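Subject: The structure, and what turned up in it

Hello,

Here is the structure I promised to send over. Please have it open while you read, since the notes below go through it piece by piece.

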Amino acid sequence: MVKLAKVEGQPKRPMSAYFLWMNEEGRANAKKELPGAGVADISKNCGAQWKVVEEATKKKYEKKQAELKKKYDIEMPLWLENGGKELLDAAKKDQKRKQMAAKKAPKGKKKRKDESEEDEVSEEEFSD
């Protein structure tokens, strides 16, 4: 997956209702249920919890997400009009240049472990 160019000051896309819920409630509940669990286990637990969350709770977070989306839909076009488009285009070109340079850069040939051991000269051979 190719990451899009990021520009300082660019409005961030709002999180989904699920992620809003997970940040406020879900992750804390999962950590209580699974103390010492890793990120993957907590994420799986949150996904299972989200499926059984009450509709009222889901609606609450969907409403928050809709408000954030409206705010983003206003801010992003304004940012683009006020010079953001040029900044974004420049960042994309720069990112593309870096990717092309990385593809063209010569890659050093790595020695296998066996070859590197053979190349080493022991002290006995060196002293003769």
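What follows is a short tour, from the overall picture down to single residues.

**Confidence and overall make-up**

Please keep in mind that this is a predicted model. The mean pLDDT of the protein chain is 82, and 78% of its residues score at least 70. Confidence peaks in helix H2, with a mean of 91, and is lowest in helix H5 (residues 123–127), with a mean of 52. I would read anything about H5 with that second value in mind.

The protein chain has five helices and zero strands, so the order from the N terminus is simply α-α-α-α-α. Of the 128 residues, 20% are buried. The accessible surface is about 11100 Å², and carbon and sulfur atoms account for 55% of that. Among contacts with a separation of 6 or more, 71% link residues 24 or more positions apart.

**The two cores**

Which residues form the largest nonpolar core? There are eleven of them: Ala-17, Tyr-18, Leu-20, Trp-21, Met-22, Ala-30, Ile-42, Cys-46, Trp-50, Val-53 and Tyr-61. Two elements, helix H1 (17–33) and helix H2 (39–51), each give two or more residues to this core. H1 supplies the largest share, with six residues. Another core lies apart from this one; it has six residues, among them Val-7, Tyr-72, Met-76 and Ala-91.

Tyr-18 is a good place to see how the largest core is put together. Beyond its neighbours within four places in sequence, Tyr-18 is in contact with Ser-43, Cys-46, Gly-47 and Trp-50. Two of these partners, Cys-46 and Trp-50, are themselves listed in the core.

**Helix H1**

H1 is worth a look in the viewer, as it has a kink of about 60 degrees centred on Asn-23. The buried residues of H1 are Ala-17, Tyr-18, Leu-20, Trp-21, Met-22, Gly-26 and Ala-30. These buried residues pack against H2 and helix H3 (55–104). As a reminder on spacing, an α-helix has 3.6 residues a turn, so residues three or four places apart point the same way.

**Two polar residues in H2**

Gln-49 and Asn-45 caught my eye. Gln-49 is found in helix H2, and so is Asn-45. Are they buried or exposed? Gln-49 counts as buried because its relative accessibility is 13%, where the cut-off is under 20%. Asn-45, at 15% relative accessibility, counts as buried as well.

Their side chains make a polar contact with each other, at 2.4 Å. Leaving aside neighbours within four places in sequence, Gln-49 is in contact with Trp-21, Gly-26, Asn-29, Ala-30 and Glu-33. On the same terms, Asn-45 is in contact with Ala-30, Glu-33 and Leu-34. Ala-30 and Glu-33 therefore appear in the contacts of both Gln-49 and Asn-45.

**The segment before H1**

Three residues in this stretch are worth pointing out, and I take them in sequence order.

- Val-7 lies in the segment before H1 and is buried, with a relative accessible area of 15%. Not counting neighbours within four places in sequence, Val-7 is in contact with Trp-79, Leu-87, Leu-88 and Ala-91. Val-7 and Gly-84 are 77 residues apart in sequence, yet 8.3 Å apart in space, C-alpha to C-alpha.
- Gly-9 is also in the segment before H1, but it is exposed, with a relative accessible area of 58%. The C-alpha atoms of Gly-9 and Trp-79 are 8.3 Å apart, with their positions 70 residues apart in sequence.
- Met-15 belongs to the segment before H1 too, and is partly exposed at a relative accessible area of 38%. Beyond residues up to four places away in sequence, Met-15 touches Leu-20, Asn-23 and Gln-65. Asn-23 is where the kink in H1 is centred. Met-15 and Ala-66 are 51 residues apart in sequence and 9.9 Å apart in space, C-alpha to C-alpha.

If you want a starting view, try Val-7, which is in contact with Ala-91, a fellow member of the six-residue core. After that, turn to Tyr-18 and its contacts with Cys-46 and Trp-50.

Best wishes

Notes:
Residues are numbered from 1 along each chain as its sequence is written. This is a predicted model: local features need pLDDT of at least 70, side-chain atom pairs count only at pLDDT 80 or more; totals for chains, interfaces and linings use all residues. Side-chain values use heavy atoms; hydrogens and water are left out. A nonpolar core is a set of buried Ala, Val, Leu, Ile, Met, Phe, Trp, Tyr and Cys residues joined through side-chain atoms within 4.5 Å. Buried means under 20% relative accessible area, exposed over 50%, partly exposed in between (1.4 Å probe, protein chains only). Helices (H or I, at least four residues) and strands (E, at least two) are DSSP runs, numbered from the N terminus. Contact means heavy atoms within 4.5 Å. Accessible areas come from the Shrake-Rupley method with a 1.4 Å probe; for residues, only the protein chains shown count as cover. A polar contact is a pair of N or O atoms within 3.5 Å; within protein, one must be able to donate a hydrogen and the other to accept it, and residues adjacent in sequence count only if both atoms are side-chain atoms. The bend at a residue is the angle between axes fitted to the seven residues ending there and the seven starting there. pLDDT is the predictor's confidence in each residue, from 0 to 100.
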